[in-house]
Amino acid sequence: GGGQGMSAPSAIAELDLRAVSGATLLQINRAAGAIPAPSPQTKLAPGDEVMLVGTQEQGEAARALLAD
């Protein structure tokens, strides 16, 4: 059945980050190294840090979306 706990990583395109929040994802920083200008197919993984550009409100909206 459907497992509890951590969900599968989401591709950036699936999150629709720019359309929902207005912020643009510039880079993903993860333990293995930085991913500059990630493609829409790049999947976010637990522990990733993202570098965003946008207004303060857009950044807050993006953080709320990424926290889910």
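**Ala 34 and its sheet**

Mentor: Ala 34 touches Gln 27, Ile 28 and Asn 29, leaving aside residues up to four places away in sequence. Contact means heavy atoms within 4.5 Å. This is a predicted model: local features need pLDDT of at least 70, side-chain atom pairs count only at pLDDT 80 or more, and totals for chains, interfaces and linings use all residues. Residues are numbered from 1 along each chain as its sequence is written, and side-chain values use heavy atoms, without hydrogens and water.

Trainee: Why does Ala 34 count as partly exposed?

Mentor: Its relative accessibility is 48%. Buried means under 20% relative accessible area, exposed over 50%, partly exposed in between (1.4 Å probe, protein chains only). So Ala 34 is partly exposed.

Trainee: And why is Leu 26 called partly exposed?

Mentor: Leu 26 has 38% relative accessibility, so the verdict is partly exposed.

Trainee: Which strands hold these two residues?

Mentor: Ala 34 lies in S2 (residues 33-36). Leu 26 lies in S1 (residues 24-30). Strands are DSSP runs of E, at least two residues, numbered from the N terminus.

Trainee: How do you know that S1 and S3 pair?

Mentor: Two strands pair if DSSP finds at least two bridges between them. S1 and S3 have 5 bridges and run antiparallel. Gln 27 stands opposite Met 51 in S3.

Trainee: What is the order of the strands in the sheet?

Mentor: The 3 strands form an open, antiparallel sheet in the order S2-S1-S3. S2 and S3 (49-53) are the edge strands, as each pairs on one side only.

Conventions
Helix = DSSP H or I, 4+ residues; strand = E, 2+ residues; numbered from the N terminus.
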